[in-house]
Amino acid sequence: MWGDTLYNGRPDYCKNFSLLRNVCKWRKSCADVCIRRKRQDYHSVFNLVYSIDCCKSACPKRYKTGRNGNIPFWMHLLFGDRYDFFKKYLDEGYDIVFTGISSKMSATYQIACLVKQELAPDRIFVVDSGNLSTGIGLLLLKATKFRDMGYSAMQIANELENIVPRVKAQFVIDTLDYLYKGGRCSTVSYAFSKVLRIKPMIVVREKAMQVGTKFVGSITRAQAGMTKMFLNDFEKIDKEFVFITHTMAYEGAKYIRNMISNVSPQIENLYETVAGCVIGSHCGRNTIGILYIMKDEIVAKVDNIAE
């Protein structure tokens, strides 16, 4: 399976994977996760190609230049790049399950579908994650579990399709500077956020991002509000995997861990990860989110989430 963009952070939580390479890039987002199964060896173990967009040493430098008005830009892999990558593994006898950033946020999914039709419609299975960052990571970890259970590529893709609408992702943003400089925030909203000290919580619902609520005050207050939402959901979540993902918000991650300390022993795998270049360039430093899967509930779009 190939998960494109944002499956970043420290690879130490990928114990089920074989780490083949690390590639640090900023301008071109290409965190490629490829789990592939040889057709002639149905029960063979998958390998993983894992690339890190933005290493810790690069982030502070980029955030510093961002404060001076120079923000980084990112792009998805082009048709030719993806074609060559897929073809390499098809030629080696592997089937491919692909998932990437949501079809409503990027052209990644559409390009993968085009490559599938061009190369091997019966051997490439494209899943729209409907998400970003470790929302995709949750799907990849589930896919690894299905892989170990001996599922075929088609069966893995079908299982992921069932999980996609149950993935819940939300994150709070410390500053709107990056969204404003990137043209994703109006001048009026930006000005009001500065005056009122607004910290928006962005949620991913029905494959798109929306503002869940706007916290007024400190980033700690916003983190507390987001964490309370997670705690309210806790009895209804799949406790196998939970992510706390951030852009160098280490104090915030520690604060959230303390808030959930009473329930965290019930979580089988609680991962703290550092997001990569796409989240970093869009949201800036000190953004932090909690991402998990609901057991049965379909995560629907909401008008507003109460603070």
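# Notebook: looking through a predicted model

I began with the whole chain, and I noted that of the 307 residues of the protein chain, 58% count as buried. I wrote at the top of the page that this is a predicted model, and I kept that in mind for the entries below. I then looked up the secondary structure and found 10 helices and 11 strands in the protein chain. For contacts between residues at least 6 apart in sequence, I found that 80% join residues at least 24 apart.

**Entry: the sheet**

In what order do the strands of the open sheet of 6 strands lie? I traced the order as S8-S7-S6-S11-S9-S10, and I noted that the pairing is mixed. At the edges I found strand S8 (208–216) and strand S10 (269–274), each of which pairs on one side only. From one strand to the next, the twist averages 20°. I reminded myself that strands of a sheet pair through backbone hydrogen bonds, either parallel or antiparallel.

I took the pairs in turn. Strand S6 (residues 167–172) pairs with S7 in the antiparallel sense over 4 bridges, and within this pairing I looked up Gln170, whose bridge partner in S7 is Val203. S7 and S8 also run antiparallel, joined by 8 bridges, and here I noted that Arg205 has Ala208 as its bridge partner in S8. The hairpin of S7 and S8 has 2 residues between the strands, and in it Glu206 takes a positive phi near 50°.

At the other edge, I found that S9 and S10 pair in the parallel sense over 6 bridges, and that the bridge partner of Ile244 in S10 is Glu272. I followed the chain from S9 through helix H9 (residues 250–259) to S10, and I recorded these elements as a right-handed β-α-β unit.

**Entry: helix H8 and Thr227**

Which strands does helix H8 (residues 219–233) lie across? I listed S6, S7, S8, strand S9 (237–246) and strand S11 (288–294), and I noted that the helix runs at about 5° to S11. I picked Thr227 as a residue to follow, since its place is in helix H8. I entered Thr227 as buried, because its relative accessible area is 0% and the cut-off for buried is under 20%. Leaving aside neighbours within four places in sequence, I found Thr227 in contact with Ile256, Met259, Ile260 and Ile290.

**Entry: helix H4**

I checked the length of helix H4 (residues 134–148) against the rule of 1.5 Å a residue: its 15 residues should span 21 Å, and the end C-alpha atoms are 21 Å apart, which agrees. Is H4 enclosed by the rest of the structure or open? I counted it as largely enclosed, because 13 of its 15 residues are buried. After H4 comes Gly150, whose phi is positive, near 90°.

**Entry: residues in loops**

I looked next at Arg197, which I found in the loop between helix H7 (187–196) and strand S7 (198–205). With a relative accessible area of 49%, Arg197 is partly exposed, and I noted that the value falls below the cut-off for exposed, which is over 50%. Arg197 and Phe215 are 18 residues apart in sequence, while their C-alpha atoms are 8.3 Å apart in space.

I then noted positive phi values in residues other than glycine, including Met248, whose phi is near 60°. Met248 sits in the loop between S9 and H9, and with a relative accessible area of 12% I entered it as buried. Asn286, which is not a glycine either, has a positive phi of about 75°, and I placed it in the loop between helix H10 (277–283) and S11.

**Entry: cysteines**

How many disulfides are there? I first recalled that a disulfide is a covalent bond between the sulfur atoms of two cysteines. The rule I used asks for a pair of cysteine sulfur atoms within 2.5 Å, and by this rule the count comes to 0 disulfides. I also looked up the accessibility of two cysteines, and entered Cys113 as partly exposed because its relative accessibility is 23%, whereas Cys283, at 5%, counts as buried.

How values were computed. Residues numbered from 1 in each chain as written. Predicted model: local features only at pLDDT ≥ 70, side-chain atom pairs only at ≥ 80, totals over all residues. Heavy atoms only, no water. Buried < 20%, exposed > 50% of the residue type's maximum accessible area, 1.4 Å probe, protein only. Pairing = 2+ DSSP bridges. Axes fitted to C-alpha atoms, helices over the stretch in contact; angles between N-to-C directions. Contact = heavy atoms within 4.5 Å. Right-handed = clockwise from strand over helix to strand, strands pointing away. Expected span 1.5 Å × (residues − 1).
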